[in-house]
Amino acid sequence: MDVPYPAKSFQSRVIMSKRKAKGASKPIGECISQLQKCLRERLCHNRIPSQLEASEAQHKHLLGLLQRTANNGESNSVLIIGPRGSGKTALLKCVLRDLLQEKEVQKNLLQVHLNGLLQTDDRIALKEITRQLNLENVVGDKVFGSFAENLVFLLEALKKGDRSTTRPVLFVLDEFDLFAHHKNQTLLYNLLDVSQSAQAPVAVVGLTCRLDVLELLEKRVKSRFSHRQIHLLSTLSFTQYLEQVASQLSLPDDFPDREFALDWNSSMRRFCEDKSVEGILQRHFNSSKDFCSLHMLLMLCLSRISTVNPTIKPADILEASRLCFSDAKSNMLHGLSILELCLVIAMKHLNDVYEGEPFNFQMVHNEFKKFLQRKSSSVYNFEQPVVMKAFEHLQQLELIRPVDGSSAKTQREYQLMNLALDSSQIIEALHKYPQCPTDIKQWGMSAFG
Amino acid sequence: MKARLRVRRVYKWQGEPLRFDRKLKNFEYGSLIISVEGLPRRNIINTGHCILIEGEDEDNPYVAKVIKLFGDEGGMQKKAIVQWFVRASEVPVSKLPLLGRKPHPQEIFYYQGRGCNEEVNAESILRPVQVKQLDGPAAFPDSSDKDTLYVKLSWDTKTFKMVDSALLSPSTPLCCPKACHPNSSPSSLPSGTPASRRVKQRALPTPDPAVIQQAASADHRHTEATTSPGKDGGLNAESLDSKIKLSASKCLGTKRKNASARTPGVRKRLELHSPEKKSLPFKDALSQLLDEEFESEVELAQKLSTSPPQLLHPTYNLTPRGKMHTTPANSDSISLKPSLVIMNKLSVYDMDIESQTRAVSSLTEVDSESSLVPLAAPKPRTSKRKSAQLVSSRIKKQLNLLDEQQNLDSDTEDEQEFVPSNKALSSSSDDDEMIHGDESVQVKKGRRCTAGTLVPRSKKNLSTTRTCRKTPNKKGAANTSHTPRLGTPTIPSRLIPARHPVNILEVARTRLHVSSVPESLPCREQEFQDIYSFVETKIIDGTGGCMYISGVPGTGKTATVHEVIRCLRNAANMNEIPSFHFIEINGMKMTDPHQAYVQILEKLTGQKATADHAASLLEKRFTNPAPRIETTVLLVDELDLLWTRKQNVMYNLFDWPTRRHSRLVVLTIANTMDLPERIMINRVASRLGLTRMSFQPYGFKQLQQIIMSRLNKVKAFEDDALQLVSRKVAALSGDARRCLDICRRATELCEHSATNTSTRRLVGMNHVMDALNEMFSSSFITAVKSASVQEQLFLRAVIAEFRRLGLEEATFQQVFIQHQALCRVEGLQSISVSEVLAVCQRLGACRLLLLETSRLGVLQRIRLNISQDDILYALKSD
C-alpha cells in the first residue's frame, strides 16, 4: 500500500524547514520514494542479492559445477534441496549471474528452465524444451509432431552432440519432485541418461523442497543421478537474523541522497536495537527462519512510511506483526451474525461434551434452544428454517465440514458435521466480537453448555 | 491400384541327379530348366552358368554364378549354391570412389565379401545371363551390346581387386544363355540386358497373348512366395486391374515408340546410371517422354478409374530403382538413398513440366556422387506458393544441401507429385520381377495412402500438408508429414572450444566420468565372453536367438553389450565374421511400448510409419526369406517398460528370431532377474528362452579395479581412499556409477581444499569421507536441527501426542493442544492456530511430516515421515 503524497512539495518543504541540515539535498518526498523503490526491489526478490552470506560453500560448489559444464563440457546433475524460503532459487540465480559474467560461458551456455508446476507432464515439458532450445525452427511450420516424435527428436538432437564440440545445455528443473510423478519418469531418465553418457554436455539442476526426493526416483533413474545434493538448511542464529534484518533495511552506499541514507541507516540501527522490536523479531524467528516471511513483515512496515512518518517505528512493526500473526479463522468469525455465532458456540459445547464426535443440525439446534430456554429471552428466537439457513452459511464458509461418506442420502438436518475450528479460536473471536451480548459471551466462555 | 504382374515360372530338374549327398540328404543336379508357363521357350541353367536372381530391385536383379544345383529328397526344395556378383549400384556409395573411375553400366564385380547367403532358392532364379571377364586394362566393349555383363574387378566390401581369372575359369565365357528362341515373354527376352529388358518390353508393342498370360498367371504368384520377399498377398485382387493397364501400356508403348524411336526409356536409365554418357538427343527424348508422361498422369490423377489412357510410366522408376538397393554391407546408406533418389525424381518431374532438359545433367551428377551429397537443384524458379517456398527454404537451410533454390510448384502440382511416385512404385511392380518387400506392402494400400506413409522422408518435406490431409490413412499421413525430423536436429555447436583438463585432478575427473568410454571393461570378462560367443555364433550361423540379461542398475549391462558389438564390428571389418546390423532401442526412451516397432523400422530401413504399420512391415521383413540379408542384432534396453496388457510387443520381439529367415538376434536387458516369470505370460516367456545372464552387483575388488582401470595410471587417489570408496559402494549397492560419482566429487573436494597450496595433492581419505557423507547421509536430522523453534516444538508435540494416543497418527487439533502446552512449558508466547498450521505445512512440504490435504484445516491428520528416535536425537543434541 503506497501512501500517496497529496501535497508533496508543500509537505517536503515543511519537513525541510524542520530539518535544516538537509536543506541542500533532495526534497524528502523524493528521497522516500527512492527509498521505497530500493527496499521494495530487495524485499520482493526482484533484485538478486549481491552475495549470499549463509550459503558460501554451496554457492562455490554449484558455481564450480556449472563452470565445468560450460567450459569443459562435463555433464553433471545436481539437486538443490531446502525448505521453502531457504534461498534455493536465489542461490541458483546468484550462481547464474556470476557464471554469465564470464564471456566464454555467456557465448556457450544454453539454458532451459522448467517448472514442475507448469510442465505438468512430459509432453508439455518436451515442447517447452524444444522451444527454449530454439529447435522448433528445425521442426518447421507444423505445430509439433506427436509426443513420441518429439521425444525421439530431442533425444536425437542431444545424442548428436559430443563433449567438446557441442554447446552445453543447462536444464533447471524447478519443483523437481513433481517431475518424478510423470509417467515412467521418462523425462528425468532421459535427461539424466544424457548427463551420464557421451552425448551433448548437459547440467541438470533440480530444485526441490522435499528432503526425501531421492526416494521418489525410480531405481534406474536414481542410478543415473549423480547423487550430488546441495542442502540449504539454514543454521542461522538469532543474532545473525537480526543482522540480516538490519542489512535488509539499510540503504546502499550508492543511494542518490547520501545524507538521507546515512540518516536512515542510523535510524534503522536504532530500530533494530529496540527491545520491543527485538521481541517481535524473536517471535518471528521462532516461528520460521526463512526470509520470505521476514520480507513480508518488513514489507508491511515499509509501506507505512510516508513523508509524515519518514522512518519505521517500533509501533509499525508491532502492527505489521499483528497483521501477520492474526488468525484467519477467528477473523472470519468476526463477520458472522449473532445467530451464526450462537450456533458456533453450541457446536463448541457439543464438541466438548462429545469429545469431537460429529454432530448434526438437530443437535446444534437443540443445544441452541436449551440456551434460549435458560436465558428465557426471546430476542434470539428464530424459526427453524432461519437457523437452518445460518447453519448452511457456516458450511459454505467451511467453518463446519460434512463428515466424509455421509453426504447426499441423508436429510440435511441429520447430516453429520465436524467443526473445523479450535475452541481457542472461538474464544478469541468472542473477545473481539464487536458489541457481543454478554449472555452469549458468558455462554461461550462457560465450560458447560 | 496397380498390381505387379508376375510371370509364373516353372522350375524342373533336367536329367537324373548326378549324385546323392548322404549327409545332407540331397540330390545334386546338373541343370535346371526354367520355363515360363504358357510359352514354348525354356531356359536351361547349368552349373557354371551365370544367372539373374530376383532381388529387391527388379530392374537390376542380382547376378550370380551357379556353383551347384541340388534338391532335397522329396523334390520339394530346389536350391542352388551361387557365387555372387555385385553391380556397381550395390556397392555402397561411399565406397564407390575407391574404384577410381566411373563404373560401366554393365560392369559387375566378383563378390568376395562375406555375409551373403550363398545358398539361394532355385525358384528365385530369373534366367541366365552372359558374363564376360575383361582384363584390367581392356576397355569395355561397345555398350550397345547390352546382353552381357562384364567383370573386371572383385569387391570384398572394402576394396576393389583384380579378379583372379582362375576364379572364373571353369567357363571363361562365363555363361551362354541357352535361350532356345526369342520369346515375347518379358522374363526371357533374350535381347535385353536385365537393365533394359523391361523397358523395352514396354516400349515395344507387346503381343496380346503375353499380356493375357501374365494376367492369368498373376494369381499363381503366391506359390513363389518363398522366393520373393517382396510379394504380398494383397496383389491378387488387383490383377484384373493390371491386366487392363497392361493392354493400355501396349497402346502407349506404340505411341511412345513413335515419339521416341530410340527407346528413350532405356537410354534414360542408362544415362542416369552412367554419367559419362551425356548426349543431348537423349535429353530431348527424355523431356519429350516426360511431357507425355505428365499428361497421362494428370489424367490419372483426375479420374481414378482404370481407363485405357492410364499408363505405365517406366521412366519414373528408372532412377530410383537402380539406387534403391545397396549392398547389404553398407547399412547406413540404405536409409539415405531412397529419399535422395526420390527427390531427384521429383526434380525431374518438376522440370519436365517446364521442359528443362538440364535436369538430366543435374541428376546424373547426383547419382554419381555419394548419397549424402545434395541433390543438385535446377535453376531457381519463383514459386507460386508461399508455403512451398518456406518449406523448400527450410530444407535448404537445415540440410545444408542445396546450393540453389528448390521450389515446388503450384497446388495442383503438389498434389500430383505424389501420384507419379506411387505409380512409379506400382508400375514398376507390375512386371514379373520383385521389388523390395516393404514397398510391395504399401502398394497394396492404394495410391493415396502410400503417398502419406511410404514416401521417404525428404520427399515428405517437399510435400505440403494439404496433400497429406487428403490421404485416407490419416494417422500415418499426419504423423509422417508433421514429423519434426525434417532436418537432423542438433544442439548448436559451441563457439568457444571446450577447455581441456589441465591438472592431474581434472584429468582424473574426466576419466572418471561415467560417460567417458573406457578402453576395456574390467570385471565383466566372463559375461562379455558369453554374450560375444552367443552373438557371434548366431551371426556366423545366420540364425536367430534371444538372450535375457538382468542386473541391478549400474552393473555394466548396456556397456558390456555395446562393447561386444564394438568387438563384433571390428571382427566384421576384419572379415572374420559376416557383417551385421546393430539396432538399439530403449524402453525408457519411448513414450509407448508400441513405439518400439516404429523405432526398429526406422533404424532398420529409415522408413517412418505408424506403430501398426511398422509392426506389419517388420513382420513381413522377418518372415519372408530374402537372399543376401544380413543378420540384425537388436538390443532392447529396459525391457520391462515394453510390457503391455496383451504383451504383443514382447511376443513379437521374441517370436521374430524364431522365424526361419529372420536372422535376428535379440538381446534384452532389464533389472529384475525373474522378469520373465513375473510379468510375462507363458507364450512370451517360452519364446524368450532360457538363455539368461545375470550381472551380479560389483564387489569391492571389482569396483576398485574399475576405478584403477579408468584412471589408467593417473595417480590422483590414495590407495586407501579408493578402497574406502569401493568398499562403501559395494556394501550399499554395487553400482559402478555411484562409485565413479563419489570419486569425482572427492577430486572436487580435494581441489577446493588445495587451492591455497599449489602443490600436487592426492585425494585422501578425508575427501572421500566428505563426499560419501554428502551423498549418502540423510538430511532429515540436519533438517530437524536447523528447523525453527516452533517447528521443533511442533515435532515434539506430535511425538507427545503419538505417545499419548499410542497411535502413529493424530489430527492437527490434538497436536495443537500439545503444542500449546509445550509453549507454556518453554515460556513462549502462545501462538495462534493459523500460525501453527503454517508451521505444520512447512514441515509437511519438506516431508518431515505426512499431511492430508490442507483444506481440512485443523481436522487434517498428521503422521511422521521420520522415526521418533531420529527427531529426539536431533532435538537433544541441540
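Which residue lies over the face of A:Phe325, and at what distance from the ring centre? That would be A:Arg283, at 4.2 Å from the ring centre. Keep in mind that this is a predicted model.

## Charges over rings

Chain B has a case to put beside A:Arg283 and A:Phe325. There, B:Arg524 lies over the face of B:Tyr698, again with 4.2 Å to the ring centre.

## Helix H17 of chain A

A:Phe325 takes us to helix H17 of chain A, which covers residues 314-325. Its 12 residues, at 1.5 Å a residue, should span 16 Å, and the end C-alpha atoms are indeed 16 Å apart, so the expected and modelled lengths agree.

The buried residues in H17(A) are A:Asp316, A:Ile317, A:Ala320, A:Ser321 and A:Phe325. They sit on the same side of H17(A), because the arc they cover around the axis is only 150°. On the other side, A:Ala315 and A:Leu318 are exposed. What lies on top of the buried residues comes from both chains: the cover includes H14 (258-273), H15 and H16 (291-302) of chain A, together with H31 (833-845) of chain B.

## Aromatic pairs

Over all chains, a search of the whole structure turns up 11 aromatic pairs. One of them is A:Phe238 with A:Phe285, a tilted pair with 5.5 Å centre to centre and 55° between the planes. This pair ties together distant parts of the chain: A:Phe238 belongs to helix H13 (residues 238-249) and A:Phe285 to helix H15 (residues 275-287), 47 residues apart. Are these two rings buried or exposed? A:Phe238 has a relative accessibility of 15% and therefore counts as buried, the cut-off being under 20%. A:Phe285 is buried too, at 7%.

The second pair to look at is in chain B, where B:Phe528 and B:Tyr532 are stacked, with 5.8 Å between centres and 25° between planes. Both lie in helix H17 of chain B (residues 525-541), four residues apart, about one turn of the helix. B:Phe528 is buried at 18% relative accessibility, and B:Tyr532 is buried at 14%. Back in chain A, ring pairs link A:Phe238, A:Tyr241 and A:Phe285 into a cluster.

## Contacts between the chains

Which residues of chain B does A:Thr166 touch? Leaving out neighbours within four places in sequence, its contacts include B:Ile491, B:Pro492, B:Ser493 and B:Arg494. From its own chain, A:Gly161, A:Ala200 and A:Pro201 join the list. A:Thr166 sits in the loop between helix H8 (147-160) and strand S3 (169-174) of chain A, and it counts as buried because its relative accessibility is 4%.

B:Gln790 reaches across from the chain B side. This residue is in helix H29 (residues 789-805) of chain B and is buried, with 5% relative accessibility. Setting aside residues up to four places away in sequence, B:Gln790 touches A:Asn286 and A:Ser287 in chain A, and in chain B it touches B:His819, B:Cys823, B:Leu828, B:Ile831 and B:Val839. With B:His819 there is also a polar contact between the side chains, at 3.0 Å.

## Chain B and a buried proline

For the wider picture, chain B has 32 helices and 21 strands. Of its 878 residues, 59% count as buried. Among chain B contacts with a separation of 6 or more, 72% come from residues 24 or more positions apart.

B:Pro657 gives a local example. This proline is in the loop between helix H21 (648-655) and strand S17 (664-670) of chain B, and it is buried at 5% relative accessible area. Not counting residues up to four places away in sequence, its contacts are B:Gly544, B:Gly545, B:Cys546, B:Ser662, B:Leu664 and B:Val666. B:Pro657 and B:Thr632 are 25 residues apart in sequence, with their C-alpha atoms 9.7 Å apart in space.

## A partly exposed lysine

Finally, A:Lys370 lies in helix H20 (residues 361-375) of chain A. At 46% relative accessibility, this lysine counts as partly exposed. A:Lys370 and A:Ala346 are 24 residues apart in sequence, and C-alpha to C-alpha they are 9.7 Å apart.

How values were computed. Residues numbered from 1 in each chain as written. Chains lettered and ligands numbered in written order. Predicted model: local features only at pLDDT ≥ 70, side-chain atom pairs only at ≥ 80, totals over all residues. Heavy atoms only, no water. Helix = DSSP H or I, 4+ residues; strand = E, 2+ residues; numbered from the N terminus. Buried < 20%, exposed > 50% of the residue type's maximum accessible area, 1.4 Å probe, protein only. Contact = heavy atoms within 4.5 Å. Polar contact = N/O pair within 3.5 Å; in protein donor to acceptor, adjacent residues only side chain to side chain. Phe/Tyr/Trp six-rings, centres within 6.5 Å; stacked < 30°, edge-to-face > 60°. Lys NZ or Arg CZ within 6 Å of the ring centre and 35° of its normal. Expected span 1.5 Å × (residues − 1). Arc of directions from axis to C-beta.
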